[in-house]
Amino acid sequence: MNHMTNFLNTCKALVNLIAITLLIVMLNVSNAIAQSPTVKMSNSKICHDKSSPYYVRTKNYKSYDSLKACLDAGGRLPKGVRAPAETNTKPATSSGAEYSREAFSHWIDEDGDCLNTRHELLLELATGPVTMSENGCRVVRGRWNDPYSGDVLFDSSKMDIDHLVPLAWAWKHGASSWSNTERKRFANDPVNLFAVTASLNREKGAQGPDTWLPPNKAFQCQYVTRYLRVMLKYDFKSDAVDDIRAIRSRICT
């Protein structure tokens, strides 16, 4: 009988010990979660909140209390991620301010792989093998179809990445009142970018389709259609959208 009592007492003590151990572990986990930073800025200045798949894997970082604080400190969002509404702060410039290309943060390295938007697009649009620079950060040669001219291009130094809806044109027709975050997204949006002959891009300048169309007539309808698609994706002035819609109706008949 005494042996049975001693056995039961030992079992109870063991159960209590296990329960206390589990409680301590749970408290430690809770404290670790509570103490983990809300947002991590990686060494490549990408802001990861707890919803990011890279949050746990980011070991070297600066801590921020919010995504907005991380972005305001010079960070950027992971590729393909849009900023929440509360981070889309309005710029200090007014809608009547003079256009500056610096208002559009473009040719950024969104994913921290040393390839900026220009070279990411050259890789994506290449129709054959490409040759990279020695450090792997620039596309030097490849094969590209230029939709503006209809030509095939091989040397990236003779190409430009054209903003289909030009930055200066966008500023005049609504972008001056956008947030800095929205202008950055617009300036690096692949939907608004084409790899084309440098001379044609410079000939086009900041002109809209009312005064400039690509010389490749087979592409003109698609050009204006995509121009309108970009405008509908962003907050352009309604009269400007109507003008481009009318041009599309005329070109695509």
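Start with confidence, since this is a predicted model. Colour the chain by pLDDT and select helix α1, residues 2-35. Confidence in the chain is lowest here, at a mean of 57. Within that helix, select residues 29-34, where the pLDDT is below 50. Beyond near neighbours in sequence, this stretch has 1 contact in the model. Now select helix α7, residues 220-233, where confidence is highest, at a mean of 97.

Next, select residues 85-96. The pLDDT stays under 50 here as well, and the model has 25 contacts for these residues beyond four places in sequence. Return to the whole chain for the average: a pLDDT of 82, with 75% of the residues scoring at least 70.

With the whole chain still selected, switch to a cartoon view. What does the secondary structure come to? There are 8 helices and 8 strands. The chain has 253 residues, and 39% of them count as buried. Show the surface: about 14,800 Å² is exposed, and carbon and sulfur atoms supply 55% of that area. Then consider contacts between residues at least 6 apart in sequence; 58% of these join residues at least 24 apart.

Hide the surface and select strand β1, residues 39-42. Show its side chains. Which of them point one way, and which the other? V39 and M41 point one way, while K40 and S42 point the other way. In a regular strand the side chains alternate between the two faces of the sheet. V39, K40, M41 and S42 are all buried.

Add strand β2, residues 47-49. β1 and β2 run antiparallel and are joined by 3 bridges. Look at V39, which stands opposite D49 in β2. Then add strand β3, residues 61-64. β3 also runs antiparallel to β1, and 4 bridges join the two. In this pair, M41 stands opposite K62 of β3.

The last stop is helix α5, residues 180-187. Select its buried residues: E182, R183, F186 and A187. They are on the same side of α5 because they cover an arc of only 130 degrees around the axis. Turn the view to look down the helix axis and find that side.

What covers these buried residues? Select β7 (159-163), α4 (167-172) and β8 (193-197), which are among the elements that do so. Helix α7 is also part of the cover, and α7 is the helix where the tour found the highest confidence.

Terms used
Residues are numbered from 1 along each chain as its sequence is written. This is a predicted model: local features need pLDDT of at least 70, side-chain atom pairs count only at pLDDT 80 or more; totals for chains, interfaces and linings use all residues. Side-chain values use heavy atoms; hydrogens and water are left out. pLDDT is the predictor's confidence in each residue, from 0 to 100. Contact means heavy atoms within 4.5 Å. Buried means under 20% relative accessible area, exposed over 50%, partly exposed in between (1.4 Å probe, protein chains only). Two strands pair if DSSP finds at least two bridges between them. Accessible areas come from the Shrake-Rupley method with a 1.4 Å probe; for residues, only the protein chains shown count as cover. The arc is that of the directions from the helix axis to the C-beta atoms.
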